[in-house]
Amino acid sequence: SEGKKGILGINIGPNKDTKDQKNDFCLGLKFFFDIADYITVNISSPNTAGLRDFHDQEKLNDLLLTLNKIKKENKTDVPLLLKVSPDIRDNHITEIADVAIKNNISAIILTNTTNSNRNNLLSKIGKEEEGGLSGEPLQQISTNMIKKFYKQLQGKIPIIGVGGVNSGKSA
């Protein structure tokens, strides 16, 4: 559009207290496909109960098939990106990569924040806080995840690395 500067990416995911998480994703896509340059399908927030269940192969495939159907119905080619948790087991990597390729995901964002490294924090306060950790506590976990996905995807889908960055050097 005229005079537009920059790129607008929109992150969609379910509300915390929703009864139907999949439907929230669908509503997000329907509301925003016409203004977004890309849409991130966030299945990885550690703060939404049950959200990470979408890392399951069948559940993820069902979600992405549905979102692609909505894209088709609305005649839009807005790119869908998939944001993945750093806390998944290795056997999920192959499954997620396969489902992403099959469903024409434009890029995979690795990774969201982590729940798993809290006990290694030096500060007592940090150990007791809720929510996901980013920055240094996530760096090694995220970098390993990128290596594993890179091997699996073999260049079929670009990877956007966002986990564990706390300085220009670490980026």
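In this predicted model, the buried residues of helix α2 are L60, N61, L63, L64, L67, I70 and K71. Several elements cover them, including α1 (21-32), β2 (38-42), β3 (80-84) and α3 (90-102). Helix α2 runs over residues 57-73, a stretch of 17 residues. At 1.5 Å a residue, a helix of this length should span 24 Å. The end C-alpha atoms of α2 are 24 Å apart, so the expected and computed spans agree. After the helix comes K75, whose phi is positive, near 50 degrees.

One of the buried residues of α2 can be followed in detail. N61 lies in this helix. Its relative accessibility is 17%. Buried means under 20%, so N61 counts as buried. With neighbours within four places in sequence left aside, N61 is in contact with V99, K102 and N103. Two of the named partners, V99 and K102, also appear in the contact between α2 and α3 described below.

The strands form an open sheet. Five strands are arranged in the order β1-β2-β3-β4-β5, and their pairing is parallel. The edge strands are β1 (9-12) and β5 (159-161), each of which pairs on one side only. On average, neighbouring strands of this sheet are turned by 25 degrees against each other, direction ignored. At the β5 edge, three bridges join β5 to strand β4, residues 107-110. These two strands run parallel. Within this pair, I109 stands opposite I160 in β5.

Helices α1 and α2 both pack on the sheet. Helix α1 touches β1, β2 and β3. The direction of α1 makes about 160 degrees with that of β1. Helix α2 touches β2 and β3. The direction of α2 makes about 155 degrees with that of β3.

Helix α1 has 12 residues. At 1.5 Å a residue they should span 16 Å, and the end C-alpha atoms are 17 Å apart, which agrees. Q21, D24, F25, C26, G28 and L29 are buried in α1. The buried residues of this helix pack against β1, β2, α2 and β3. Helix α1 thus has partners both in the sheet and in a neighbouring helix.

The contact between α1 and α2 can be described by its geometry and by its residues. The axes of α1 and α2 come within 10 Å and cross at roughly 30 degrees. Angles under 35 degrees count as roughly parallel, so α1 is roughly parallel to α2. The crossing of α1 past α2 is right-handed. On the α1 side, the residues in this contact are K22, F25, C26, L29 and K30. They meet D62, L63, T66, L67, I70 and K71 in α2. Among these α2 residues, L63, L67, I70 and K71 are buried. On the α1 side, F25, C26 and L29 are among the buried residues.

A second helix pair is formed by α2 and α3. These helices pack at an angle of about 15 degrees, with their axes 10 Å apart. Helix α2 is therefore roughly parallel to α3. Here too, α2 passes α3 in a right-handed crossing. Q57, L60, N61 and L64 in α2 meet E95, I96, V99 and K102 in α3. L60, N61 and L64 are among the buried residues of α2.

Two residues outside the helices and strands were also examined. G50 is found in the loop between β2 and α2. Its relative accessible area is 32%, so G50 is partly exposed. G50 and Q21 are 29 residues apart along the chain, and their C-alpha atoms are separated by 8.8 Å. Q21 is itself one of the buried residues of α1.

I7 has its place in the segment before β1. Its relative accessible area is 68%, so I7 is exposed. Residues I7 and Y38 are 31 residues apart in sequence, yet 8.3 Å apart in space, C-alpha to C-alpha. Not counting residues up to four places away in sequence, I7 touches D37 and Y38.

How values were computed. Residues are numbered from 1 along each chain as its sequence is written. This is a predicted model: local features need pLDDT of at least 70, side-chain atom pairs count only at pLDDT 80 or more; totals for chains, interfaces and linings use all residues. Side-chain values use heavy atoms; hydrogens and water are left out. Helices (H or I, at least four residues) and strands (E, at least two) are DSSP runs, numbered from the N terminus. The expected span of a helix is 1.5 Å times one less than its number of residues. Buried means under 20% relative accessible area, exposed over 50%, partly exposed in between (1.4 Å probe, protein chains only). Contact means heavy atoms within 4.5 Å. Two strands pair if DSSP finds at least two bridges between them. Axes are lines fitted to C-alpha atoms, for helices over the stretch in contact, and angles run from 0 to 180 degrees between N-to-C directions. Angles under 35 degrees count as roughly parallel, over 145 as roughly antiparallel, 65 to 115 as roughly perpendicular and the rest as oblique. A crossing is left-handed if the near helix is turned anticlockwise from the far one by less than a right angle, and right-handed if clockwise.
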